[in-house]
Amino acid sequence: MPQIPYWKPKVRLGGPRKKNIVIIGAQWGDEGKAKMVDVLTEGVDLVARYQGGSNAGHTVVTGGKKFVFHQIPSGILHSGKQCVIGNGVVLDPLALLEEIEVLTAAGVKVRDRLLISNRAHLLMPYHRLLDGASELRKGSGKIGTTNRGIGPAYMDKMARIGLKVADLFEPAYFRQKLTTAVKEKNFWLKGYFGQKGVSAGKIADQYLKLAPKIHPLVTDTTQYLWARLRAGDNLLAEGAQGTLLDVDFGTYPYVTSSSASVGGVCTGLGIGPQWLDEIYGVAKAYTTRVGEGPFPSEMDAAFAEKIRRRGGEYGATTGRPRRCGWLDLPALKFACRINGFTGILLTKLDVLSYLRTIKLCVGYRIGNRVIGDFPAGLQELARCKPVYRDMKGWEGDLSRASKLSDLPGEARRYLDYVEKAIGVPITWVSVGPDRAQIFPKA
């Protein structure tokens, strides 16, 4: 049978243009995506969030100041850059207005540079109540959510009973849909979870009162992005959470409720895949995760606490301590394959300094078998025991390094080994929290 040639258009839409970039977490979230977005924003015109919600906690440190973003794209710190909250995000308008106020008080201009998709779904007060009640009822089998209501909001979206941002500006319709939704939510809150119910009237009054505050920011962002891209402007798409929390490819059911991998970019922004040029995965030099679920390369408690203190491994949204482990190469290779990464942005290399030995998880042992792939089944992953390769550690503070040659030889060998193992180039290396503590590996 003759091989079908790969077809590629000679002229891409809009003619010659600048590259569009996607930033995706390559692990269980908290990899340092916000810092990479902040650094790469300098070379783009637009920054857009495409999934997740206020459960995200993206931290940027610049000039000694710390900024934590939950729904607003991290690129908002750069003047002149347009930021977009896409339709794939579940929007908490109350939290958004608070975030805008905090940034404005810090001297960051937001309202003239932020647009919100009219197709984004709204996160409602009952979503938070249901999230918390569900986690409480599960007890030891809890998923470990942030209790921000993200899962229930996405559930309503898929069940076709959700409320959209556009609905806020149709008061009668909004009240009608909300009344129907609240009847169902109160059935579950009262009858199943034994909680107090909510008032549709009070929620409607609250949300319709704030509608005028966000109305100037709302537009058809799919049309807006298409026009800007066609005009030659370029985009940086910012993801939340990470590939191993993706609802399809993550450690289900200990996952988020959205597509945190590359597929979520197109569905969450309304742009075609032909616009995506560079897809960067962000990974720590070790591995962390928050909440429940299997974690094959997890360190013992005492050593994990040492790394946690060094790396400041506490959730930006919840403050919860993160579980810490050695770099899991099978999991990282899986993320590279799923997303088609063109480069890896490796963060927190400095945290591993002064360790005599650094371990790398290069495979898993299940009984008498050794596998190198990331299992799909939760029970199989839970049975996995890490197979480690030991590498010599290095001495010295890396925080002042500004180029690859500034790193100790052992640190460079560590980077080279990881790069070869995953088959994707490490394009950037981060050695501290500040936006200046980063340099290209090449």
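Let's start right after helix 10. The residue there is Gly340, and its phi is positive, near 65°. Keep in mind that this is a predicted model.

Now step back to the other end. At the start of helix 10, look at Asp328. One of its side-chain oxygens comes to within 3.0 Å of the backbone nitrogen of Ala331.

So what lies between? Helix 10 runs over residues 329-339. Is it mostly covered or mostly open? Mostly covered: eight of its 11 residues are buried. Here is the list. Leu329, Pro330, Ala331 and Leu332 are buried. Phe334, Ala335, Cys336 and Asn339 are buried too. Ala331 we have just met: its backbone nitrogen is the one that the Asp328 side chain reaches.

What covers those buried residues? Several strands take part, including strand 1 (21-25), strand 11 (278-284) and strand 14 (327-328). Add strand 15 (343-347) and strand 16 (357-366). Helix 12 (409-422) is also among the cover.

Now zoom out to the whole chain. The protein chain has 12 helices and 20 strands. Of its 442 residues, 55% are buried. Next, take contacts between residues at least 6 apart in sequence. Of these, 76% join residues at least 24 apart.

How about overall size? A compact globule of 442 residues would have a radius of gyration near 22 Å, and the protein chain has 22 Å, so the two agree. Its C-alpha atoms fill a box of roughly 65 × 60 × 55 Å along the principal axes.

Last, the surface and the charges. The chain exposes about 19600 Å², and carbon and sulfur atoms supply 54% of that. There are 62 positive and 41 negative charges, and their mean positions are 2 Å apart.

Definitions and conventions
Residues numbered from 1 in each chain as written. Predicted model: local features only at pLDDT ≥ 70, side-chain atom pairs only at ≥ 80, totals over all residues. Heavy atoms only, no water. Helix = DSSP H or I, 4+ residues; strand = E, 2+ residues; numbered from the N terminus. Rg over C-alpha atoms; globule rule 2.2 N^0.38 Å. Buried < 20%, exposed > 50% of the residue type's maximum accessible area, 1.4 Å probe, protein only. Contact = heavy atoms within 4.5 Å. Areas by Shrake-Rupley, 256 points an atom, 1.4 Å probe, with all protein chains shown as cover. Lys, Arg positive; Asp, Glu negative; His and termini not counted. Charge placed at Lys NZ, Arg CZ, Asp CG, Glu CD. Polar contact = N/O pair within 3.5 Å; in protein donor to acceptor, adjacent residues only side chain to side chain.
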